[in-house]
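Open the model in your viewer and keep a selection command at hand. The stops below can be taken one after another.

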Amino acid sequence: MAGLVLLAAPVVLVLVAGWSRRWLNEDAYINLRVVDQVFAGHGPVFNTGERVEVATSPAWIGVLCVARATLGHLMRMEWVAVVAALAAAVAGFGVATRASRLLHAPGDLVLPLGLMLVAAVPVVWDFATSGLEMGAVWLWTAGCWLVLVSAARRAEPPTGRPRAVSLVVLGLGPLIRPDLAVIAAALLVTWWVIVRPDRRRLALDVAVAAAIPVAYQVFRMGFYASLVPNTALAKDAGGLHLRQGLTYLGDLVTTYWLAVPLAVIAVATGLTIARADRNVRAACIGMVVAAVAHAGYITVAGGDYMHGRLLLPALFAFALPASIVLGRRDLLVAGLVVAGAAWAVVCAGTLRFREEPTAAMLPDIIDFRDRNGIQAGVVHVEGPSEGYLSPVEIAELDAAGRTGYIRVLADEVVPAGTGGRLVVVFGSIGVPSYRTGIDVWVVDLGGLGEPLAARAPVIPGRPAGHRKQIDPAWHEARWGVEQPDDPGAAAAARDAMACGPIRDLLNAVTEPMTPGRFLRNAWSSVRFTTMEVPDDPRDAAPCR
């Protein structure tokens, strides 16, 4: 009974604390709009008739679609997303504790110390719901950990269906989030160190592990005409932003005094490695290497603007091997438990993130949950508009048959050749794009859901996640606004879109999907991924 209580403690803490701080993140509404498009028969797109991959996690979109099909008649999709996220998070901690138990002999009293410490971090509670894919990230990482530990504990390497399932699980990382390819690669190497396949078996393992990710990559290239999600382009996920990343890392570490639990986890993992056999040592070292590599990538890429979010996968993975055996006369183990427990009480009870005020519209790192004013038990509170058309008002205009173009934070519809559409420009596309409905075409200034702005050059000094933007003249020219704010820039944009690579890009994502278009998109996906659209239309190459 005592062993069961110890193993269940981190799971229960995440369940209770996560539910008490349940909420829906602004970006989660982007996913909900994509789900609406899927159920409307338009495919996984943001705007009807334009193939842009605005969802970073294809797997999470799939989970939400299944959840809507099964639970959508019982509750609103906002709550479906919250429940699905928390269920995945709790399942992740549950699977992880199961693997921690397998690390040790059947009669040992095991404490998953690392998981307990992670479960005591308040930002973990926030992203246990949020409607985003973090729960699925933890569940996949825990599943990989179980696969490695199970293989390490077997007398013989797995074969047949168990081996195939293990490899499929290890290979799924890029579909949960593209950056998890870093963890997946490290864990696949660890798997091969444990099972030691011959060359023929290794080639077959690679094929099985890569089958689903490669199949989706082919779909992405042909359907979206890109090698990566549009969000990766808009956020410059492949760029070098080390200074921002170090600030982001320091923010998480200093907010929760993580030097203490990280030291405890490192020592506990060292004890596990020292007392284990070869294969278990390999599993533990492989998971630690994967965690450090992922944290390194996130840091180099500049982190995020949401406090702690993108470093939580690495924190979770780093903690997995840190399980210890109680009941022995071991002063080091006792010291680890006391130090960890003392820190956990202080962290869970008192340590909280506080935004640093800046002169900019938003600080570089923010707490979206507190900023949105979302309290426990409330998914979203929509305030009144302040001198501009609200999403609900825009939806009503669309229902009434209005067409035209609505500039960002505008209170009127201006005449435009929008092809019978109502087009609106938003600076933040989460809640607004969901509230307006999928019949309204939403232009995203930041480029997450828009193909041109996503390919703009990085604006120096911009916070992570909001690094790009293009002159509104591009959008006004594309949608034929009769009286653009800057006629000269709009004319240059119209000219640039009439020929050359920009026209080719727009055709690739808007022309009807046929086998020929799919093949042309796949062939051109490298060019479309690496191309750059200048911020100022006057800098674009004119048609000759």
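What follows is a tour of a predicted model, with a selection at each stop.

**Stop 1: the sheet**

Select residues 404-406, 422-426 and 441-444 and show them as a cartoon. These are β3, β4 and β5, three strands that form an open sheet in the order β3-β4-β5, with parallel pairing. β3 (404-406) and β5 (441-444) are the edge strands, each pairing on one side only. Averaged over neighbouring strands, and with direction ignored, the turn of one against the next is 20 degrees. Strands of a sheet pair through backbone hydrogen bonds, in a parallel or an antiparallel way.

Now look at the two pairings. β3 and β4 are joined by three bridges; select Gly404 and its bridge partner in β4, Leu422, to see one of the paired positions. Between β4 and β5 there are four bridges. On that side, pick Val425, which stands opposite Val443 of β5.

**Stop 2: the faces of β5**

Stay on β5 and show its side chains. Are its faces covered or open? Both are covered: Trp441 and Val443 lie on one side, Val442 and Asp444 lie on the other, and all four are buried. In a regular strand, side chains alternate between the two faces of the sheet.

**Stop 3: the helix across the sheet**

Add residues 391-399, helix α19. Which strands does helix α19 lie across? The answer is β3 and β4, and the helix runs at about 165 degrees to β4.

**Stop 4: a nonpolar patch**

Select Leu240, Leu242, Leu246, Leu249 and Val300 and switch to a surface view. Together they form a nonpolar patch on the surface, with about 430 Å² of accessible area. Helix α13 (residues 242-255) gives the most to this patch, with three residues. Centre on Leu246, which lies in helix α13. Leu246 counts as partly exposed because its relative accessibility is 48%, between the limits of 20% for buried and 50% for exposed.

**Stop 5: Val193 and its contacts**

Select Val193, in helix α10 (residues 181-195). Its relative accessibility is 36%, so Val193 also counts as partly exposed. Which residues does Val193 touch, leaving aside its neighbours within four places in sequence? Add Arg278 and Ala282, which are in contact with Val193. Finally, draw a distance between the C-alpha atoms of Val193 and Gly286: they are 93 residues apart along the chain and separated by 9.3 Å.

Definitions and conventions. Residues are numbered from 1 along each chain as its sequence is written. This is a predicted model: local features need pLDDT of at least 70, side-chain atom pairs count only at pLDDT 80 or more; totals for chains, interfaces and linings use all residues. Side-chain values use heavy atoms; hydrogens and water are left out. Patches are made of residues with over 30% relative accessible area and no salt bridge: like charges are joined within 9 Å, nonpolar side chains (Val, Leu, Ile, Met, Phe, Trp, Tyr) within 5 Å. Accessible areas come from the Shrake-Rupley method with a 1.4 Å probe; for residues, only the protein chains shown count as cover. A salt bridge is a side-chain nitrogen of Lys or Arg within 4 Å of a carboxyl oxygen of Asp or Glu. Helices (H or I, at least four residues) and strands (E, at least two) are DSSP runs, numbered from the N terminus. Buried means under 20% relative accessible area, exposed over 50%, partly exposed in between (1.4 Å probe, protein chains only). Two strands pair if DSSP finds at least two bridges between them. Axes are lines fitted to C-alpha atoms, for helices over the stretch in contact, and angles run from 0 to 180 degrees between N-to-C directions. Contact means heavy atoms within 4.5 Å.
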